[in-house]
Amino acid sequence: MLFDFGYVHPRWIWVALVIIFAVIEGLTLGLTTIWFALAAFIMVFLSFLPIPLPYQILIFLILSSIFLIFTRPIALKKFKIGKTKTNVDSLIGKHALVVKQITEFDRGEIKVSGQIWSARLEEGTVSPLIEGTKCEIVQIEGVQAIVRALQNIENNEKNEN
């Protein structure tokens, strides 16, 4: 015999695979191994039929592939698995008001949309932003806004016209 598991019937191997794949899916939440768990679950019932183990393995691989290729994309859209989008990206490009001075070496604070954010100057900026200065948010890094002086932008636009 090609596969000899001693006294272990193949259906218990399929049950073990269901559990293993389900645990892996529970730990990763990537909607990948769940399809193998589903195929192994179906194989538990098919193992009651007189199908030789090599054919059971082939059926398992075919079922897993079908589930993975055809149903995973649908499930990803349905459950919206992947990058969690937040409203932070909408702050980029907004104008803000400096409420605590920002220098090249010290962080300060800005107020945007009624919220106070920790802020630092954009790379290469040496002129400090004093309280009451308007600025533009150019990037968000973690919980910190990266800003540049707004009047420099306005001056550049005036010079171009």
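**Entry 1: Ile62**

I looked up Ile62 and noted that this residue is partly exposed, with a relative accessible area of 44%, where partly exposed lies between buried (under 20% relative accessible area) and exposed (over 50%), computed with a 1.4 Å probe and protein chains only. Ile62 is found in helix α3, and I keep in mind that helices (H or I, at least four residues) and strands (E, at least two) are DSSP runs numbered from the N terminus. The C-alpha atoms of Ile62 and Ala39 are separated by 8.7 Å, although their positions lie 23 residues apart along the chain in the sense of sequence separation.

For the record, I am reading a predicted model, in which local features need pLDDT of at least 70 and side-chain atom pairs count only at pLDDT 80 or more, while totals for chains, interfaces and linings use all residues. Residues are numbered from 1 along each chain as its sequence is written, and side-chain values use heavy atoms, with hydrogens and water left out.

**Entry 2: Ser64 and helix α3**

I then turned to Ser64, which also has its place in helix α3, spanning residues 53-79. Ser64 counts as buried because its relative accessibility is 2%. A polar atom of the Ser64 side chain lies 2.8 Å from the backbone oxygen of Phe60; a polar contact is a pair of N or O atoms within 3.5 Å, where within protein one must be able to donate a hydrogen and the other to accept it, and where residues adjacent in sequence count only if both atoms are side-chain atoms. Not counting residues up to four places away in sequence, Ser64 touches Trp35, Phe36 and Ala39, contact meaning heavy atoms within 4.5 Å.

I listed the buried residues of α3 as Leu53, Gln56, Phe60, Ser64, Phe67 and Ala75, and found that what covers them includes α1 and α2. An α-helix has 3.6 residues a turn, so residues three or four places apart point the same way. Further along α3, I noted a kink of about 45° at Thr71, shortly before the proline Pro73; the bend at a residue is the angle between axes fitted to the seven residues ending there and the seven starting there.

**Entry 3: aromatic pairs**

How many aromatic pairs does a search of the whole structure find? The search finds five, with rings of Phe, Tyr and Trp (its six-membered ring) pairing if their centres lie within 6.5 Å, and with planes under 30 degrees apart counted as stacked, over 60 as edge-to-face and the rest as tilted. One of them joins Trp14 and Phe60, whose ring centres are 5.1 Å apart and whose planes stand at 45°, so I entered the pair as tilted. This pair links distant parts of the chain, with Trp14 in helix α1 (residues 10-28) and Phe60 in helix α3, 46 residues apart. Both Trp14 and Phe60 are buried.

I also entered Phe21 and Phe36 as a tilted aromatic pair, at 5.5 Å centre to centre and 35° between the planes. Phe21 lies in helix α1 and Phe36 in helix α2 (residues 33-46), so the pair ties together parts that are 15 residues apart in sequence. Phe21 counts as buried at 17% relative accessibility, whereas Phe36 is partly exposed at 21%. Trp14, Phe21, Phe36 and Phe60 form one aromatic cluster.**Entry 4: Ser113 and Leu129**

Moving on to the strands, I checked Ser113, which has a positive phi of about 50° although it is not a glycine. Most residues other than glycine have a negative phi. Ser113 has its place in the loop between β2 (108-112) and β3 (115-121), and Ser113 is exposed, with a relative accessible area of 54%.

Is Leu129, in the loop between β3 and β4 (134-141), buried or exposed? Leu129 counts as buried, at 3% relative accessibility. Leaving aside neighbours within four places in sequence, I found Leu129 in contact with eight residues that I copied in part, among them Val98, Gln101, Leu121 and Val147. Leu129 and Gln101 are 5.7 Å apart in space, C-alpha to C-alpha, and 28 residues apart in sequence.

**Entry 5: the whole protein**

I closed with the overall picture, in which four helices and five strands follow the pattern α-α-α-β-β-β-β-β-α along the sequence. Buried residues make up 28% of the 161 residues.
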